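Student: Could you take me through the ligand site in this one, up close? I'd like the contacts, the pocket and the elements around it.

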Amino acid sequence: MDSTQATAQETGCNRKTVLVGVTGCIAAYKSAEIVRGLQKAGVRVKVVMTEHACEFVGPTTFRALTREPVAVKLFDEPGDPIHHISLAQEADAMLIAPCTANVLAKLACGIADDLLTTTALALTSPMIIAPAMNVHMYENAATRKNMGVLHTRGVHFVEAADGYLACGDTGKGRLADVDAIVAETLKVLGIGCDLAGRHVLVTAGPTVEAIDPVRYISNHSSGKTGYAIAAAAARRGAEVTLVSGPTALEAPFGVHVVDVRTACDMLAAAEEAFKICDVAVFAAAVSDMRPKNPADRKLKKGEADEALSSIELVENPDVLATLAAAKTSQVVVGFAAETNDVLENAQAKLARKHADMIVANDVSGELGFGTEENKVWLVGADEVEDVPRLAKTEIADIVLDRAVRLLED
Ligand code: CTP
């Protein structure tokens, strides 16, 4: 048997094979990053291109990245007379990214006039399509209809994004984020989906408590850790609700974001999601206090000096402690940002807030607020895991690994 005819099972170690189809679009260069993203997740990638795609990026790029032959024409593979069938058979999924309006139309009609479309027609495994084109082509009734037809047939879509397009127009049509395309493909393959069917609640970012319409009490939280946890949970198959104070971060792909400003709003927004969640991660830096009587007009110097120099504060609700006090089977993860006695303080918070785990970090040095990396300890009732300094995105997966273990206990 020709090596290209090995089935997915025969490629060993249950390693999945994704056939990436590249079509003729300026975004074709991004397919190289998609290939790398899939490979990083342990996926074997093969590439098939249309002739038009080769005008934008060469097969040599993909041959070097995948260490596999890259096919373009129907009769490219002399040793394999029915190449389109063997390519389709060995794929656990086919991802077409970017997919042009023309190829979408051909797929919707079942036209098979080159290797890519012929292989797509012979495919029996799932197909994922990430379209990219001009906004007017994307919004054209013909394109919308073709997408609808394919969607009804079970094709998974990673919708194009809004933004500045290569043609100079602005609107929907940009190839979706590479991470989003890789995440959707992995999800379809069921890779790393240990949170599939689970609900995860994450709180993140700072809260903002008004003194008057101009001034407020807040803190330095960037929200990066909470957002990284929400993104990782979604990638691992969970349905995620992210209750977020104001941050400069983009909503993670596949996450339901609820924007809030104050601690009271955060508690109200988290309450419903907490009731149905399996894992709740409280990563927000909630202001402990809020002004008792926020002014509805700006407090002016000279006129309101007394009010400005002594702002009366009242205690905010503790979102984590309030919700965890009524927990049933949820795994509850809290955070502790400390400047001293880190582990002792974290142990005390674990007990006081009814948490199952506290992610403790030391914010007295260079790490913590706004940094890309952090150094944390995972403090549980019986053990403390010392996690080395890592990117917050890597810490997110380690926290979730531990939460998954607690779920299974
Ligand atoms: N937390 C919360 N609501 C609050 C205060 C804290 O949900 N009003 C949560 C945080 O999201 C975090 C944990 O409680 O998961 C610990 O937050 P932290 O600010 O470190 O602790 P505090 O309870 O505020 O205690 P202290 O300021 O004394 O360290």
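Tutor: Here is the ligand site, followed by a brief look at the rest of the chain.

Keep in mind that this is a predicted model: local features need pLDDT of at least 70, side-chain atom pairs count only at pLDDT 80 or more, and totals for chains, interfaces and linings use all residues. Residues are numbered from 1 along each chain as its sequence is written, and side-chain values use heavy atoms, with hydrogens and water left out.

Start with the shell: 15 residues surround the ligand, and Phe282, Ala284, Phe335, Lys349 and Lys353 come nearest (a residue is near if one of its heavy atoms lies within 4 Å of the molecule). By class, that shell holds nine nonpolar, one polar and five charged residues. Here Ala, Val, Leu, Ile, Met, Phe, Trp, Tyr, Cys and Pro count as nonpolar, Asp, Glu, Lys and Arg as charged, and the others, Gly among them, as polar.

Now for the backbone. A backbone N or O atom of Pro317 is 3.0 Å from a nitrogen atom of the ligand, and Val319 likewise has a backbone N or O atom 3.0 Å from a ligand nitrogen. With Leu320, a backbone N or O atom lies 2.9 Å from an oxygen atom of the ligand. A polar contact is a pair of N or O atoms within 3.5 Å.

As for cover, the ligand on its own has 570 Å² of accessible area, and the protein covers 78% of that (Shrake-Rupley method, 1.4 Å probe). The space that the ligand takes is the second largest pocket. A pocket, on a 1 Å grid over the protein atoms alone, is an open set of points where a 1.4 Å probe fits, with protein on both sides within 12 Å along at least five of seven lines; a molecule sits in one if more than half of its atoms lie within 2 Å of its grid points.

Which elements build the shell? Those giving two or more residues are α12 (319–324), β16 (331–338) and α13 (342–352), and β16 gives the most, with four. Helices (H or I, at least four residues) and strands (E, at least two) are DSSP runs, numbered from the N terminus.

Zooming out, the chain is divided into domain 1 (13–189) and domain 2 (199–408), with bounds from an automatic or database domain assignment. Their C-alpha centres lie 39 Å apart.

Notes: Polar contact = N/O pair within 3.5 Å; in protein donor to acceptor, adjacent residues only side chain to side chain. 1 Å grid on protein atoms, 1.4 Å probe; cavity = no way out; pocket = protein on both sides within 12 Å on 5 of 7 lines; lining within 4 Å.
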